[in-house]
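Colleague: I'm new to this one, and I'd like to know how you back up the labels you use. Could you take me through them?

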Amino acid sequence: DEGASVYFRVHGRLQWVTALSAEDYQHIKQHIKLEANLELGLTTRPQDGHLAFRYQQNRLDIRVATLPTVHGEDMVCRLFADTLKYETLADLGISDQRRSMIQNICDHETGLVLVTGPTGSGKTTTLYTLLRYLQSQSRGVIVSLEDPVEKELYGIRQSCVRPDRGFSFAEGLKATLRQDPDIIM
């Protein structure tokens with residue numbers, strides 16, 4: 001084993017930070033996997049997990065993803081500071097014109113909204129903010145199927161799909177439709 005390199009992605013750019021010995025990487029990786037409720041001995045299949053801790057009075061949520069590679073198990077940790085709150089469409093920092101357009105789309109009784117973009121582009125933040133907007137409009141029962149649930153939203157029925165445990169998106173959607181929801185994410 002040759003060890004591992006540690007990189008940080010800051011504003012979309014990958015920056016090398018340090019190199020770790022194979023022993024140090026194994027120790028840190030096992031500790032993170034333990035805290036994120038991942039299977040410690042499983043290195044041949046991808047895993048996703050979540051952990052949270054406090055740092056300087058702020059809560060940090062960390063999404064952990066592993067990937068088996070030809071050089072060993074790769075691990076990525078995405079940090080989300082709980083200090084940034086996106087509760088309203090105005091919090092997203094979009095223009096009044098675009099906010100009005102989004103509200104108009106959300107105010108339709110039926111329809112489909114598709115949100116796409118690369119990792120870190122704000123898809124989850126945007127969708128959670130839209131769910132909050134719809135909830136504030138008293139739009140009825142709102143259900144989300146997520147993998148994983150990145151942030152708990154009070155009053156929204158969030159369900160974490162687990163394909164590795166027999167609960168796929170297809171099964172979740174079938175069960176959700178039986179709940180007669182008004183909005184599904």
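Modeller: Sure, here is the reasoning behind a few labels, and keep in mind that this is a predicted model.

Colleague: Okay, why is aspartate 164 called partly exposed?

Modeller: Its relative accessibility is 48%. Buried would need under 20% and exposed over 50%, so aspartate 164, at 48%, counts as partly exposed. You'll find aspartate 164 in the loop between strand E7 (157-160) and helix H4 (169-178).

Colleague: And why does histidine 108 count as partly exposed?

Modeller: Same kind of check. Partly exposed lies between under 20% and over 50%, and histidine 108 comes in at 45%, so that label fits. Histidine 108 is in the loop between helix H2 (96-106) and helix H3 (123-136).

Colleague: What makes the link from histidine 108 to asparagine 104 a polar contact?

Modeller: The side chain of histidine 108 comes to 2.8 Å from the backbone oxygen of asparagine 104. The cut-off is within 3.5 Å, for N or O atoms that can donate and accept a hydrogen, and 2.8 Å meets that distance.

Colleague: How do you know that E4 and E5 are paired strands?

Modeller: Pairing takes at least two bridges. Strand E4 (residues 58-69) and strand E5 (residues 72-81) have 10, in the antiparallel sense, so they pass. One spot to look at is alanine 65, which stands opposite valine 76 in E5. The two strands form a hairpin, with two residues between them.

Colleague: What joins E3 to E4?

Modeller: Nine bridges, again running antiparallel, and at least two are needed for a pair. Histidine 50 sits opposite arginine 63 in E4, for example.

Colleague: What makes E3 and E5 the edge strands?

Modeller: The open sheet has three strands in the order E3-E4-E5. Strand E3 (47-55) and E5 each pair on one side only. Helix H1 (residues 22-35) packs on this sheet and touches E3, E4 and E5.

Colleague: What makes a group of residues a nonpolar core here?

Modeller: The members must be buried residues of the nonpolar kinds on the list, joined through side-chain atoms within 4.5 Å. The largest such core has 11 residues, including Leu89, Cys106, Tyr128 and Ile183. H3 gives the largest share, five residues. There's also a second, separate core of nine residues, with Ala4, Tyr25, Leu38 and Ile62 among them.

Note on methods. Residues are numbered from 1 along each chain as its sequence is written. This is a predicted model: local features need pLDDT of at least 70, side-chain atom pairs count only at pLDDT 80 or more; totals for chains, interfaces and linings use all residues. Side-chain values use heavy atoms; hydrogens and water are left out. Helices (H or I, at least four residues) and strands (E, at least two) are DSSP runs, numbered from the N terminus. Buried means under 20% relative accessible area, exposed over 50%, partly exposed in between (1.4 Å probe, protein chains only). Contact means heavy atoms within 4.5 Å. Axes are lines fitted to C-alpha atoms, for helices over the stretch in contact, and angles run from 0 to 180 degrees between N-to-C directions.
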